[in-house]
Amino acid sequence: MEVGIVTFISSLGVSSFTAVWLTKLLVSHRLKKDLQVHKVKLEKSLDAFKGEQDGQVRKDVELYLKQHDADIKYNFEARARLYHAIGPLKFQLLLAARDFKVRVSEMPRNPYSINLGGHYGKSTIYRLARLLCLAELIESKVAYADFAVDDSSIKLLEFKKALFVMLSGSKVICHHPKANWKTQKEHIFFDVLSKIGNALVVHEGQSIMRCMSFSEFSDELVNVGFVNKLSPLVDVMSGFCLKDTPILWVRLSCIAVLCNKLIDEIGRPVGFKYTSIDLVSLLKNSDDKYIHCKADKYVRLCRETMSEGL
């Protein structure tokens, strides 16, 4: 094509050099014109495509919201009910877990006598009973709120299960050969733990239930009926001694680790201070040879108990 244009221009009496220059000029102009036309068409096509895509996206979003509107509304309302039901209890359980962990960590350095006649004994028994009570109260809210909409709430139920198993089961103590399952000396029967926890529940009005404070707990100890409900826990803890009740020490140490796990997973995000606990070091405060030889296995069994789920 370019050669033909050159020949035509040359025939008009223009020099070959000028003809080539004019030809390139004409071709360049034509290409620019074609390119501009193509650009306009491409922009129109792109705008049309964007319009189709925007319309489709809007349709998809509207369809999704229509299909999932009920689920979205349910989850929102369920979270609101759940927070109303267990929000304060969750925070109280974190406080109770922190206090019990600290008490167990200090026991080897401060081997005071545990009984209801002294402040230390009352405080220690209360701290453990408080864990049972709050765990019971939280579980009781399952009937009023859907725990499935919040993972942290599921962890609270898992905490309760692990707590009860650690106080009553054989796995966490590695089937210790000296375990006595006939009497509640270094363990408490699983179902009895619920009774102990519920003994600390205070009813206010028709629907409000809470865990009694330490002051209320101390005042209530003059009530024989109240003390009888607590008697399995009181009897077990009153007999505690690092040397004489090593199995009970294993249970208490594992519960301290469990409390620390709760603080780590739920407490830290809301400002609770987390410090690690060395379970092996705690266990070795006992003189029991069986526990010393299987210390690493005790750690594994404690972790397995905490992670068994519901």
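**Close-up views of a predicted model**

**View 1. An aromatic cluster is built from Tyr126, Phe214, Phe217 and Phe226, which are linked by ring pairs.** The model shown here and in the following views is predicted. Across the whole structure, a search finds 8 aromatic pairs. In the pair formed by Tyr126 and Phe214, the ring centres lie 5.5 Å apart and the planes meet at 65 degrees, so the arrangement is edge-to-face. This pair connects distant parts of the chain, with Tyr126 in helix α3 (residues 119-140) and Phe214 in helix α6 (residues 214-220), 88 residues apart. Tyr126 is buried, at 8% relative accessibility, whereas Phe214 is partly exposed, with a relative accessible area of 25%.

**View 2. Tyr112 and Tyr120 form an edge-to-face pair.** The search of the whole structure that gives 8 aromatic pairs includes this one: the ring centres of Tyr112 and Tyr120 are 5.0 Å apart, and because their planes stand at 75 degrees the pair is classed as edge-to-face. Tyr120 has a relative accessibility of 16% and therefore counts as buried.

**View 3. The largest nonpolar core comprises 78 residues.** Within this core, the residues with the most contacts are Leu131, Leu200 and Leu252. Helix α8 (residues 246-267) makes the greatest contribution to the core, supplying 14 residues. The surroundings of Leu252 include residues remote in sequence: with neighbours within four places set aside, Leu252 is in contact with Phe100, Val104, Met107, Leu128, Met237 and Phe240. In soluble globular proteins, nonpolar side chains tend to be buried together.

**View 4. Glu186 is buried and has no salt bridge.** Glu186 is placed in the loop between α4 (151-168) and α5 (190-199). The nearest side chain of opposite charge is that of Lys185, 5.3 Å away; a salt bridge would require a side-chain nitrogen within 4 Å of a carboxyl oxygen, so this separation does not qualify. The side chain of Glu186 instead reaches the backbone nitrogen of Leu248, at 2.9 Å. Apart from residues up to four places away in sequence, Glu186 touches Thr245, Pro246, Ile247, Leu248 and Arg251.

**View 5. Glu265 forms salt bridges with Lys155 and with Lys261.** Side chains of opposite charge can pair when their charged atoms come close. Between Lys155 and Glu265, the closest N and O atoms are 3.7 Å apart. This salt bridge joins distant parts of the chain, since Lys155 belongs to helix α4 and Glu265 to helix α8, with their positions 110 residues apart. For Glu265 and Lys261, the closest N and O atoms are 3.0 Å apart. Glu265 and Lys261 are both in helix α8, 4 residues apart, which means that about one helical turn separates them. The three side chains are described by their accessibility as follows: Lys155 is partly exposed, with a relative accessible area of 29%; Glu265 counts as partly exposed at 32%; and Lys261 counts as partly exposed at 27%.

**View 6. Salt bridges with shared partners join Lys171, Arg300, Glu304 and Glu308 into one network.** In total, 12 salt bridges are counted in the model.

**View 7. Asp99 and Arg98 form a salt bridge.** The closest N and O atoms of this pair are 3.0 Å apart. Asp99 has a relative accessibility of 18% and so counts as buried, while Arg98 is partly exposed, with a relative accessible area of 35%.

Key. Residues are numbered from 1 along each chain as its sequence is written. This is a predicted model: local features need pLDDT of at least 70, side-chain atom pairs count only at pLDDT 80 or more; totals for chains, interfaces and linings use all residues. Side-chain values use heavy atoms; hydrogens and water are left out. Helices (H or I, at least four residues) and strands (E, at least two) are DSSP runs, numbered from the N terminus. Buried means under 20% relative accessible area, exposed over 50%, partly exposed in between (1.4 Å probe, protein chains only). Lys and Arg count as positive and Asp and Glu as negative; His and the chain ends are not counted. A polar contact is a pair of N or O atoms within 3.5 Å; within protein, one must be able to donate a hydrogen and the other to accept it, and residues adjacent in sequence count only if both atoms are side-chain atoms. Contact means heavy atoms within 4.5 Å. A nonpolar core is a set of buried Ala, Val, Leu, Ile, Met, Phe, Trp, Tyr and Cys residues joined through side-chain atoms within 4.5 Å. Rings of Phe, Tyr and Trp (its six-membered ring) pair if their centres lie within 6.5 Å; planes under 30 degrees apart count as stacked, over 60 as edge-to-face and the rest as tilted.
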